[in-house]
Structure formats: C-alpha cells, structure tokens
Amino acid sequence: MSAYQFNGSAVAHDEEGYLVDIAEWSPDLALLIAKSENIEMAPEHWEVVNFLRSYYEEYQVAPAVRVLVKEMTKKYGKEKGDQKYLYSLFPYGPAKQACKIAGLPKPTGCV
Amino acid sequence: MAGDDNIIDRANGDPLECPALAPGVMASSKPYVAAPAHQEALGFPGQLVEGWQEKAIARLGELLESSRALRVYLDSCVKCGACTDKCQFFLGSGDPNNMPVARQDLLRKVYRRYFTLAGKLTPSLVGAEDLTEQVLEEWFSYFHQCSQCRRCSLFCPYGIDTAEISMAARDIMDTIGKGQKYSNEIIGKVFKIGNNLGLPPKALKATLQGLEEEIEEETGVAVRLPLDEPGAEILLVTPSADFFASPHMEGLIGYAKVLHESGISWTFSSHASEAANFGMFIGSTDNMRNVALRIRKAAEDLGVKRLVFGECGHAWRVAYNFLDTLAGPFDFLDPKYPRPQHICEFTWDLIKAGRLTFDKSKNDQIRLTFHDSCNVARASRMGDEPGGQFEIPRAILRATCNHFYDMAPETIRESTLCCGGGGGLLTDELMDVRIKGAQPRMRALRAVADEHGVTHMAAICAICKAQFSKILPKYGFDMEAIVSVHQMVSNAIVLSGSRTGDASDEDDAPDGEHDGGPAAQKEGSGDE
C-alpha cells in the first residue's frame, strides 16, 4: 500500500490518496496531501476543510454539497456561497478533493 | 488538464459517426481491484484464489445451468455486425474490443473452449481459447467498459442481451476473488449503514431537517421531509445521492413539494435509505436480493401502503422488473396503485388530475432537453401506455417549462445513449472511459444547443446526473447544465398557501392539460 512520507514516518493511503486511518490526520499532513493534489492551501481552503472536519466529527459523513454551500454563505458571505466558488478552490470537486485533504473518507455512490 | 482542449473539439460532429479503429487503445483502462474486506462483506473470496481457472470455469458452468438465456446468448451470435457501431464506448474510443460483439467474444471464446464439442476438439477453428491470465486481464478491463445499457441489444437481430454477458463475467470474477472496488465497497456500505453513501441516520435526519427549514424560508410553506414515520401511506425510496449531491438534492426538494401538495402522508426510511442496487451491476442475484429485502423490511416495519421510487435509473429497472421475484410478494401494499410506482408517475397523475399548479415562467431562463436514462428507457415502463417511460418525464417537463427541445431521434428514447458512467463505471479511475463514452451524448447536446439555444439537460437518474456534472465541463458546457426532472417541478410549482401563490393570480387549470401533450413541443419550437 502506498503512503505519504511525513515527519520521517509513512502514513498509509489508498489507491486514490485517501488516508487509511483518519486518526493520522494533522494540519501539517493536510498541507502535504494538498501539495500532491497541486493545491496551495490558502485561508479559504482551510475554511472548507475545517468545516468538513467538524461536520464529520458530528455526523460521521461529509456534508452534502448544498449544506457546505449554505454554511459558507452564512459564515463568509454570499460571494463564497456557491458551488462554483468551491470548485475554484478544489477543482476536482469540494466533496471528494476537499475530503481527501481533510483526511476524511471518500464519499461513495452516485456522486 | 492538458487534454481538455482536444476533448472540447470532439464535442462537434455526428454523435453516431463510426470512429477510426484504434486497437488496444483502452486495454490499460482498469478499475481498482476490491480489497479483501470489500470482497468478504459480500460473500466473495478476499483475493484471487488458488486454482482460479478451474473455479472460474466451474462458475461459468453453474451460470449456464441456472440461466438458459446466457447459454442462448453465447451460442446464437452469427457475427452479423449489427451491434458493432452501437456502443458509446466504441464510438468514443475506437477500440474494437468495445464493439459489443467483440466484448462478448472475450467470454464466448472461453465458453466455446470448455463447453462446446468443437471448441474442446479443435479450438483454433472455432475461435475457442483457454482461460489464461491474459484473458482474465482482458475481462477485467473490457467488462468494466460496458455500462450494461443494452443499446446494442436493441439492434441485435437475435436479441442478445450484452448486459447479461457482462454481468456473468463480473460474477465469475467476483467468485474467484477479483472484484471491482467501486461497486463492492458500495454494496458493503448498504449492508452496514443502509445506503451507498454511508450516510448514518443522524446525518440523514439533519440533512432532511435542514431542507425543511430551507423550503419554508423560501416559500413560507412548512413542507415536511419525514424520516422513519410509522403508519405513513407512502414509503419513498430514493438514491442516497439525492441526500448529498447536486443537482440530485434539488430534485429531492421537488419530490417533497409534490408529495406535500398531494396531501398524502409519506416517509423516508433510514433502513432503506437507498434505491440503487449495485448487486445488479456485478451480476450477483444474492447481493441484489439482500439489498432489495431491505426495502421490503422497511415497508413492512413502517406499515406503508404504497411504495414510490425516486429518480434512479437502474433502481427503477430492479424495482419494475425484479422486486417481486427478489423480495415479493408485496401483497400487503394497496393494489389500487402500481407496486412499485415511479415518482414521475405519481407527479404526472397529479398533474393530469389538475392537482398541481405551476408558474412555468419560473423556468423561463432554461431551454431544456431530456436525456433518457438507459435502464429506464430500455428495461422498464411507466404508466399504462407503451412508451410511458419516454412520454411521462417529457410531459412533466413540458408542464413545468416553456422551452423544451428533444435531441436527435436516433439518440433518445429506446435508442438513447448511456451517459457514460452507468453500470458501475462511475468511479474516478475510469474517467477516461467515462469521458469517451459520453462523447455521443455530448455531440447530440451540442447540436440542440447550437440549433435551439438549449442551456440545460434534465435526467431521472442519479448516475447520469453525477456523470454529467463531471463530464459537461470537459466538453465545454457548464457543470450546472444538468438538472433533475423534479428540480424543474420544484422551480415552477406553486405551493398552496405559499407567498408566491398568494401574490400571483392563480390559474386553477393544470398547465399539463394544455401544454403537456406532444403539441407543446411544436409550440415550443415555434417560438424560436
């Protein structure tokens, strides 16, 4: 199994780069995962990642895209509250790519 | 992505144009192999078993015993060539192994070798081949480039159902421990959590409550999205993508508004919070039954009288064709209604009865077309008339939207193309197959966009919606150009007692009565 080389140790991930053990996540590891996705983490990225993590902590699943959009609007204003804004931050999709960086499992199914 | 410009170029042209042959160009396309945990949860061996060749051949023997149809399909092909240019994965890739006949032959050559006299005695004369590791790799690659959409079967003079052959090949691969990660991991989640997405009941409840608040804020009407409410009249079973993705969720809001207007009590179930049944994709009757039984249990436990399915293509095939065989009889449901019923049938019945009011101008910014989803189009029906599965969704769209234009006739209705992501292909590592398979549909869409200014395409399948929102931008369209049929309903419906309803001069006559028929299309075309 492949792994991220991080602080001198190997953190296992699956074929697509999602962490095998989500407990191994840390903000510094997120920077490394983001880099492998060609994403430079700005404060806007962290706003999304932090929300995903707190939602996951409560519900054991990533939030629906619509829920994420609504939350971003509420917290950070209308210009950050649409799907396209989220795609501009995470070109491969806020659900999948942002979950990967947040250390969460990949949303599966017809999504 | 470097290739994007080229892909956009490919959006122009005849959707069904036969490509130049490109042998082997898709040979390296393979899905991820299921991990042992994904396999074992479904009753399959964790990894490729010792003596897999003998076991695979034995499994093929069992399938031939249990399905006479499979034997007929494997025996009866005369290589007439009618199917060769009918598969969107061939049209988009040019790889001759994606010609349906050639894909079938990957299994047929093994069948001939071990199950026919001529193949046993003189294999090279009859196209018979040993099951080698290389053949197994070809199976894993090319049987995961078939979306089981059955477009080829429509054109086969012998009626060979290629989907059945792909399903058999996948069943054999699962049986020897070489399953596909995407489908098998998802089926495991249904058994463990209740849906493909892995959405636990607490999250589902919160999602539904959030939507209730949103609808009330927007309309002033308290539309409910109830969960696990015993004694409700209707159990609504819908793909879990409806609770998560866009434009799926906008369709979900549409179902809730229609059910609200109907005045009939209804509920979702957390136990059966999934309409999809990927057991069909992997050709496993046992897994398909176990998924279907969850719906039966939920219906019985909640004491509902009616079963309605949301917008999900293959789920409707399973529900319409197989639900009774898998999990029936459903004699505890009210026989006055279809058992089960499609949400489009439910909505259309209300429209016909004049029970829904629409303000079609709410969709005036949209110029719409409709993508028939393969499993609905070629493996099911709706309503009481032949072709209802084509007419009813269109009638709903015409009742809710002023500008509707069909795509080229050879690309819709029973001749519809797969979105490119069906049958277990909707996974990121198969993106190349998905992009290529979508090419014919993207070309047909480009043509109506150019000719009629079409801006949006509606669908009634969660896979189609997810696939198109990813693929549309690669062909130069907006990712939000794909919409749910019930999203159009949601946009236009005037809820009783809503702020919009109070403000406008209500017209009691249903829009569907005068705008829903085929004449509406002419009327629509006329305003160009």
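In what order do the three strands of the open sheet in chain B stand, and is the pairing parallel or antiparallel? I put this to the predicted model and found the order S5-S6-S7, with parallel pairing.

**Entry 1, the open sheet of chain B.** I looked next at the edges of this sheet, where S5 (368-370) and S7 (482-484) of chain B each have a single partner strand, so that one side of each is left without a neighbour in the sheet. From one strand to the next I noted a twist that averages 40 degrees. For the pair S6 (residues 456-459) and S7 of chain B, I found three bridges, the two strands running parallel, and in S7(B) I located Val483(B) as the bridge partner of Ala458(B). I then turned to helix H20 (residues 462-471) of chain B, which packs on the sheet by touching S6 and S7 of chain B, and whose direction makes about 155 degrees with that of S7(B).

**Entry 2, another strand pair in chain B.** I checked strand S1 (residues 234-237) of chain B, from which Ile234(B) and Leu236(B) point one way while Leu235(B) and Val237(B) point the other way, and I noted that all are buried. S1(B) is joined by two bridges to strand S2 (residues 266-267) of chain B, and these strands run parallel. Opposite Ile234(B), I found Trp266(B) in S2(B).

**Entry 3, helix H18 of chain B.** I looked up the span of H18 (residues 388-400), which has 13 residues and reaches 18 Å from its first C-alpha to its last, close to the 18 Å expected at 1.5 Å a residue. Is this helix mostly covered or mostly exposed? I found it mostly covered, with eleven of its 13 residues buried; among them are Phe390(B), Ile392(B), Pro393(B) and Leu397(B), and also the charged residues Arg394(B) and Arg398(B).

**Entry 4, the two domains of chain B.** I read from the domain assignment that chain B has domain 1 (13-185) and domain 2 (193-405 + 454-526), and I noted that their centres, taken over C-alpha atoms, are separated by 33 Å. The contact takes 14 residues from domain 1 of chain B and ten residues from domain 2 of chain B. On the domain 1 side, I listed H9 (151-155), H10 (162-175) and H11 (181-192) of chain B as the elements that give two or more residues, with the largest share, five residues, coming from H10(B). I sorted the residues of this side into five nonpolar, four polar and five charged.

**Entry 5, where chain B meets chain A.** How many residues does each chain bring to the contact? I found 28 residues from chain B and 15 residues from chain A. On the chain B side, H11, H12 (201-219) and H20 each supply at least two residues, and H12(B) gives the most, with five residues. I recorded that this side divides into 18 nonpolar, six polar and four charged residues.

**Entry 6, the hairpin of chain A.** I finished with strand S1 (residues 3-6) and strand S2 (residues 9-12) of chain A, which are joined by four bridges and run antiparallel. Phe6(A) stands opposite Ser9(A) in S2(A), and of the two residues between the strands I noted Asn7(A), which takes a positive phi near 50 degrees.

Definitions and conventions. Residues numbered from 1 in each chain as written. Chains lettered and ligands numbered in written order. Predicted model: local features only at pLDDT ≥ 70, side-chain atom pairs only at ≥ 80, totals over all residues. Pairing = 2+ DSSP bridges. Expected span 1.5 Å × (residues − 1). Buried ≥ 20, exposed ≤ 12 C-beta atoms within 10 Å, placed from the backbone. Domains from an automatic or database assignment. Contact = placed C-beta atoms within 7 Å. Axes fitted to C-alpha atoms, helices over the stretch in contact; angles between N-to-C directions.
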